[in-house]
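Colleague: I'm new to reading protein structures, and I'd love some help. Could we go through one together, feature by feature?

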Amino acid sequence: MTDVFTTHALRITTGSGESVHDLTAECDAFLREAADGRDGLLNVFVPHATAGIAIIETGAGSDDDLLAALHDLLPADDRWNHRHGSPGHGRDHVLPALVPPHATLPVIGGRLELGTWQSVVLVDTNRDNPHRSVRLSFLG
């Protein structure tokens, strides 16, 4: 099975604020070893109830725009029934319904098949948990 499925866990520090962390370089590095030139699928999964994975453009303001849009959709106020943690923390538990905790992406010839401006990112609005795990799995 090791020729077909390979997995690796990343440890990411997101800090004490809302963040969009680019994982594309880590995905590319993982695939150089795991895919070894083969076609297949890369699954990116964050095993946390308050974070998600997105495919967006980064570096041109889109990451800040995403956080602003999430703040508009999910305000950090006292409307949430889930109330432990920082004020408004209940919104962080709703985030994965909008930004899912996973993405499955095509790998062609051992390389991630993204569009010109696309990046794989970890979206984390939870200021209470600065450390995240991200599981990369290649099937091919």
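Modeller: Happy to, and keep in mind that this is a predicted model. Let's begin with helix α2, residues 62-73. At 1.5 Å a residue, its twelve residues should span 16 Å, and the end C-alpha atoms are indeed 16 Å apart, so expectation and model agree.

Colleague: Which residues of α2 are buried?

Modeller: First the general idea: an α-helix has 3.6 residues a turn, so residues three or four places apart point the same way. In α2, the buried residues are Asp 63, Leu 66, Leu 67 and Leu 70. Looking down the axis of α2, you find them within an arc of 95°, so they line one face of the helix.

Colleague: And which exposed residues does the face turned away from the buried side of α2 carry?

Modeller: That face has Asp 64, Asp 65 and Asp 72.

Colleague: What do the buried residues of α2 pack against?

Modeller: They pack against β2, β4, α3 (90-98) and β7. Now look at α3 itself: Gly 90, Arg 91, Asp 92, Leu 95 and Pro 96 are buried there. The cover over these residues of α3 includes β4, α2 and β7.

Colleague: Those strands keep coming up. In what order do the three strands of the open sheet stand?

Modeller: In general, strands of a sheet pair through backbone hydrogen bonds, either parallel or antiparallel. Here the order is β2-β7-β4, and the pairing is antiparallel. β2 (19-22) and β4 (51-56) are the edge strands, each with a single partner, so one side of each has no neighbour in the sheet. On average, neighbouring strands of this sheet are turned by 30° against each other, ignoring direction.

Colleague: How many bridges join β2 and β7?

Modeller: Four, with β7 covering residues 119-124. To find your place, look for Ser 19, which stands opposite Asp 124 in β7.

Colleague: Let's turn to the interior. Which residues touch the most other members of the largest nonpolar core?

Modeller: The general idea is that in soluble globular proteins, nonpolar side chains tend to be buried together. In this model, the largest nonpolar core has 22 residues, and Leu 23, Leu 42 and Val 44 touch the most other members. Elements that each supply at least two residues include β1 (5-13), β3 (40-45) and β8 (131-139). The largest share, four residues, comes from α1.

Colleague: What does Val 44 touch?

Modeller: Leaving out residues up to four places away in sequence, its contacts include Leu 23, Cys 27, Ile 53 and Val 120. Apart from this core lies another, of twelve residues, among them Ala 54, Leu 66, Val 99 and Val 123.

Technical notes. Residues numbered from 1 in each chain as written. Predicted model: local features only at pLDDT ≥ 70, side-chain atom pairs only at ≥ 80, totals over all residues. Heavy atoms only, no water. Pairing = 2+ DSSP bridges. Axes fitted to C-alpha atoms, helices over the stretch in contact; angles between N-to-C directions. Core = buried A, V, L, I, M, F, W, Y, C linked by side-chain atoms within 4.5 Å. Buried < 20%, exposed > 50% of the residue type's maximum accessible area, 1.4 Å probe, protein only. Contact = heavy atoms within 4.5 Å. Expected span 1.5 Å × (residues − 1). Arc of directions from axis to C-beta.
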